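Trainee: I have the model open and want to read it residue by residue. Can we start with a single side chain and work outwards?

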Amino acid sequence: MLEKRPVERAVEEQLPRPSGELAVLAGVQRAIARPAVVKAARGLSHFGEHSAGWFALGLVGAAVDSRRRREWLTAAAGAVGAHAASIAVKRVVRRRRPEHPAITVGVGTPSRLSFPSSHATSTTAAAVLYSGLFGRNLVPALVPPMLVSRLVLGVHYPTDVLAGAALGGAVGGVVRRRMTSRKRT
């Protein structure tokens, strides 16, 4: 027999139904949290942890593209800087991660703080910054999967990932404009 999903258990056990963002989060998990999707989401989570994967990508770019080494290193630093900005906001806002019997948490987290999503922040900043270096818009390919992965794993509210993407887009945009203006001078 298949194990019942958390939402089905909550209904059967007469636990309070999730509402608001918790209901959206439970709905996302109910709709797409299949084993292969959860596995992929965990992979994205590990890649994005502390922006390490994005930083490593910048280091590889700097190593293989010596002509644009400075830009690659600046982009890598921008992704890490965006991550640091999200941590600062988390410590001010202090929103706790989602907790409800209908939500399954699929990965460990370094803190209990949720807003904004640092993964969404650094991924969006990296997508904006590396788009200029790859010569194509990477945002549509990189950002939505990371945002959805944080919901699939049950570690963020929808507004956490949206705010993280906005913060990352802002940081990435500022750093990219500075990179572009440096190239002209």
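Trainee: Is D160 buried or exposed?
Mentor: First, this is a predicted model: local features need pLDDT of at least 70, side-chain atom pairs count only at pLDDT 80 or more, and totals for chains, interfaces and linings use all residues. Residues are numbered from 1 along each chain as its sequence is written, and side-chain values use heavy atoms, with hydrogens and water left out. Buried means under 20% relative accessible area, exposed over 50%, and partly exposed in between (1.4 Å probe, protein chains only). D160 has a relative accessible area of 0%, so D160 is buried.

Trainee: Which residue forms a salt bridge with D160?
Mentor: A salt bridge needs a side-chain nitrogen of Lys or Arg within 4 Å of a carboxyl oxygen of Asp or Glu. Here the closest N and O atoms are 2.8 Å apart, and the partner of D160 is R95.

Trainee: How many residues apart in sequence are R95 and D160?
Mentor: Helices (H or I, at least four residues) and strands (E, at least two) are DSSP runs, numbered from the N terminus. The R95-D160 bridge has its closest N and O atoms 2.8 Å apart. R95 lies in the loop between α5 and α6, while D160 lies in helix α8 (residues 158-184), so the pair ties together parts whose separation in sequence is 65 residues.

Trainee: How many salt bridges does a search of the whole structure find?
Mentor: Side chains of opposite charge can pair when their charged atoms come close. One of the bridges joins D65 and R68 at 2.6 Å, N to O, and both of these residues are buried. The whole-structure search gives a count of three.

Trainee: Which helix holds E21, the salt-bridge partner of R95?
Mentor: R95 and E21 meet through their side chains at 2.9 Å, N to O. R95 is in the loop between α5 and α6, and the two residues are 74 apart in sequence, so the bridge ties together distant parts of the sequence; E21 itself is in helix α2 (residues 20-32).

Trainee: Which residues are linked in a network of salt bridges?
Mentor: R95 bridges to E21 and also to D160. R95 counts as partly exposed at 23% relative accessibility, and E21 is partly exposed with a relative accessible area of 23%. The linked residues are E21, R95 and D160.

Trainee: Over which ring does the charged end of R95 sit?
Mentor: A charge sits over a ring if NZ of Lys or CZ of Arg is within 6 Å of the ring centre and within 35 degrees of the ring normal. The charged end of R95 is 3.9 Å from the ring centre, and the ring belongs to Y157.

Trainee: Why is the pair of W72 and F134 called edge-to-face?
Mentor: Rings of Phe, Tyr and Trp (its six-membered ring) pair if their centres lie within 6.5 Å; planes under 30 degrees apart are stacked, over 60 edge-to-face and the rest tilted. The whole-structure search finds three aromatic pairs. For W72 and F134 the ring centres are 5.5 Å apart, and the pair is edge-to-face because the planes are at 90 degrees.

Trainee: Which residue of the ring cluster joins W72 and F134?
Mentor: W72 is buried, with a relative accessible area of 5%. F134 is partly exposed, at 43%. Ring pairs link these two into a cluster with Y130.

Trainee: Which helices each supply at least two residues of the nonpolar patch?
Mentor: Patches are made of residues with over 30% relative accessible area and no salt bridge: like charges are joined within 9 Å, nonpolar side chains (Val, Leu, Ile, Met, Phe, Trp, Tyr) within 5 Å. Areas come from the Shrake-Rupley method with a 1.4 Å probe, and for residues only the protein chains shown count as cover. F55, L59, L73 and V80 make a nonpolar surface patch of about 300 Å². The helices are α4 (52-64) and α5.

Trainee: Which residues does UniProt list for "transmembrane region"?
Mentor: UniProt positions are given in the numbering used here, feature names are shortened, and annotations may be inferred rather than shown by experiment. In the model the span is 86% helix and 0% strand, with its end C-alpha atoms 28 Å apart. The unreviewed entry gives residues 155-175.

Trainee: How many helices are there in the protein chain?
Mentor: Read along the sequence, the pattern is α-α-α-α-α-α-α-α. There are zero strands, and the helix count is eight.
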